[in-house]
Amino acid sequence: MKIRCACGELIVDQTDFISYKARFIADQDWDDAVGDEDRLWSCSRHMWQCLACGRLYIDDHDGGLQCFVPESAEAPVNLLRSVHRDRWKRPMVGNWRTGADRGDLWWGFGVSDEGMEEFDRWDDLERRYFEVFKRLRGEDLLRSALLRRAGRTVHAWPQ
């Protein structure tokens, strides 16, 4: 999904763990949703924040999108990020595509310690993957890690 903000910026929602996206549950639905995963999903709606101007875009009840504009230009952006801020546990994925002889490594979108790197050599990708894995795990910032080569799992954490 892509939302063109009124300020001209593009808000892109094409992956998980985005710091400018959130799900919310109306207070009237809270008790029904907590503890029941199916109801949790059916009771929640999405919202996104433009990181350029701070506007909030919220799914309405009819499948439309409503926009809310901050009162001032100094309004904080990144309101929807984790309550843990930069200490949230992020996933990490490394993927090597044989045939294209290309690979990429990503971790932690939308935070100060984010990463997206591309590689022309498998050895460089593998070395960097374990380097970042060791650092994030040592700092207790890792939720999961996966390294694949040509569709085959080379490393997965947790097991």
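In this predicted model, helix α3, spanning residues 122-138, lies across five strands. These are β7 (90-97), β8 (102-107), β9, β10 and β11. Relative to β10, the helix runs at about 170 degrees.

The strands beneath this description belong to an open sheet of five strands. Their order is β9-β8-β7-β10-β11, and the pairing is mixed. Strands β9 (115-119) and β11 (152-157) form the edges, each pairing on one side only. From one strand to the next, the twist averages 10 degrees. Strand β10 covers residues 142-149 and pairs with β11 in the antiparallel sense. Five bridges make up this pairing. Within the β10 and β11 region, Leu-147 stands opposite His-155 of β11.

Helix and sheet also share a nonpolar core. The largest such core has 15 residues. Met-92, Leu-105, Leu-125 and Leu-136 have the most contacts inside it. Two or more residues come from each of β7, β8, α3 and β10. Helix α3 gives the most, with six residues.

Leu-105 illustrates the packing in detail. Leaving aside residues up to four places away in sequence, Leu-105 touches Met-92, Val-93 and Gly-94. Its contacts also include Gly-115, Met-116, Glu-117 and Phe-119. Leu-125, Arg-128, Tyr-129 and Val-132 are touched as well.

A second core is separate from the one just described. This second core has eight residues, among them Ile-3, Ile-18, Trp-48 and Cys-50.

Conventions:
Residues numbered from 1 in each chain as written. Predicted model: local features only at pLDDT ≥ 70, side-chain atom pairs only at ≥ 80, totals over all residues. Heavy atoms only, no water. Pairing = 2+ DSSP bridges. Helix = DSSP H or I, 4+ residues; strand = E, 2+ residues; numbered from the N terminus. Axes fitted to C-alpha atoms, helices over the stretch in contact; angles between N-to-C directions. Contact = heavy atoms within 4.5 Å. Core = buried A, V, L, I, M, F, W, Y, C linked by side-chain atoms within 4.5 Å. Buried < 20%, exposed > 50% of the residue type's maximum accessible area, 1.4 Å probe, protein only.
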